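Here is a short tour of one protein model, written for someone who likes to know the cut-offs behind the words. Have the viewer open while you read.

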Amino acid sequence: MYRSISDFIKEWNKEAILTQNVLDSLTDDALTQQVYAEGRTLGRIAWHVTTNIPEYLTHFGFKVDRVEDEESVPESARKIAASFKDISSYAAQIIEQQWTDESLEQMQTAFGRQESNAEVLMGLIKHIVHHRGQMTVLMRQAGIKPPSVYGPPKEDWIHLGVKNPPL
């Protein structure tokens with residue numbers, strides 16, 4: 001659990017880099033990849049991860065600018081990646097400016113339950129991590145090798161001397 005805003009920002013920045021690496025690996029063609037016909041596309045999930053940051057923060061009391069036209073998924077993977085980079089950086093600044101270490105202990109209702117603001121911020125990271133996992137699966141289906149996130153993708157195990165990578 002975060003005891004200080006700086007603890008949160010350190011983890012936020014690490015996770016933002018991992019997410020940025022995934023988004024930077026996307027191609028325009030891959031944005032239409034779906035698991036099933038009614039499911040979200042890879043582009044929709046990537047855009048949701050990006051636009052949900054200010055939406056989430058607003059919901060929990062931050063004064064933050066929302067993304068214009070957040071319902072329209074860009075056709076450009078580069079635009080999504082660039083938007084995420086700007087928004088994740090902006091979010092870190094807003095959190096540092098608007099909450100203090102003491103704010104983290106305050107309780108509020110989050111998704112029908114009482115949580116500390118530290119838990120609320122952890123929820124934002126977990127939300128992004130959840131969707132980042134979905135994106136890496138869709139990348140595989142679209143023929144794109146995902147970047148290393150918490151460990152190497154199967155293709156990179158050989159560089160570590162592992163001949164038969166774990167499945």
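Helices (H or I, at least four residues) and strands (E, at least two) are DSSP runs here, numbered from the N terminus. The model is predicted, so local features need pLDDT of at least 70 and side-chain atom pairs count only at pLDDT 80 or more, while totals for chains, interfaces and linings use all residues. Residues are numbered from 1 along each chain as its sequence is written, and side-chain values use heavy atoms, with hydrogens and water left out.

**Pockets**

Pockets are found on a 1 Å grid over the protein atoms alone: a pocket is an open set of points where a 1.4 Å probe fits, with protein on both sides within 12 Å along at least five of seven lines, and lining residues have an atom within 4 Å of a point. Grid points are joined across faces, edges and corners, and a volume is the space filled by probe spheres set on the points. For the classes in the table, Ala, Val, Leu, Ile, Met, Phe, Trp, Tyr, Cys and Pro are nonpolar, Asp, Glu, Lys and Arg are charged, and the others, Gly among them, are polar.

| Pocket | Volume | Lining by class |
|---|---|---|
| Largest pocket | about 260 Å³ | 8 nonpolar, 4 polar and 3 charged residues |
| Second largest pocket | about 190 Å³ | 4 nonpolar, 3 polar and 4 charged residues |

The largest pocket has a volume of about 260 Å³. Its lining comes to 15 residues, and the closest to the pocket's centre are Thr136, Pro146, Pro147, Val149 and Gly151.

Which elements build the second largest pocket? At least two lining residues come from each of α2 (42-59), β2 (113-116) and α4 (117-141). The top contributor is α4, with 6 residues. Among the lining residues are Asn52, Tyr56, Phe111, Arg113, Glu115, Lys126 and His127.

Two of those names deserve a closer look. Histidine 127 sits in helix α4 and, once neighbours within four places in sequence are set aside, is in contact (heavy atoms within 4.5 Å) with His48 and Asn52. Its C-alpha is 15 Å from that of alanine 91, which is 36 residues away along the chain. Phenylalanine 111 belongs to the loop between β1 and β2. Its phi is near 55°, a positive value in a residue other than glycine. Buried or exposed? Phenylalanine 111 counts as exposed because its relative accessibility is 53%; the cut-offs are under 20% relative accessible area for buried, over 50% for exposed and partly exposed in between (1.4 Å probe, protein chains only).

**Core and helices**

In soluble globular proteins, nonpolar side chains tend to be buried together. A nonpolar core here is a set of buried Ala, Val, Leu, Ile, Met, Phe, Trp, Tyr and Cys residues joined through side-chain atoms within 4.5 Å. The largest one has 45 residues, with Trp12 and Leu57 making the most contacts inside it. At least two of these core residues come from each of α1 (5-24), α2, α3 (77-98) and α4.

Trp12 itself touches Ile53, Ser88, Ala91, Ala92, Leu124, Ile125 and Ile128, leaving aside neighbours within four places in sequence. The buried residues of α1 include Ile5, Phe8, Ile9, Trp12, Ala16 and Leu23, and the cover over the buried residues of α1 includes α2, α3 and α4.

How do the helix lengths hold up? The expected span is 1.5 Å times one less than the number of residues. For the 20 residues of α1 that gives 28 Å, and the end C-alpha atoms are 27 Å apart, so the two agree. With 25 residues, α4 reaches 37 Å from first C-alpha to last, close to the 36 Å expected. Glycine 143 follows α4 and has a positive phi, near 85°.

**A few other spots**

Alanine 118 is in helix α4 and counts as buried because its relative accessible area is 2%. Its contacts, apart from neighbours within four places in sequence, are Met1, Tyr2 and Leu104. Alanine 118 and glutamine 106 are 8.2 Å apart, C-alpha to C-alpha, with their positions 12 residues apart in sequence.

Threonine 109 is in strand β1 (residues 107-110) and touches Phe60 and Gln114, not counting residues up to four places away in sequence.

Aspartate 69 lies in the loop between α2 and α3. Its phi is near 55°, positive in a residue other than glycine, and at 56% relative accessibility aspartate 69 counts as exposed.
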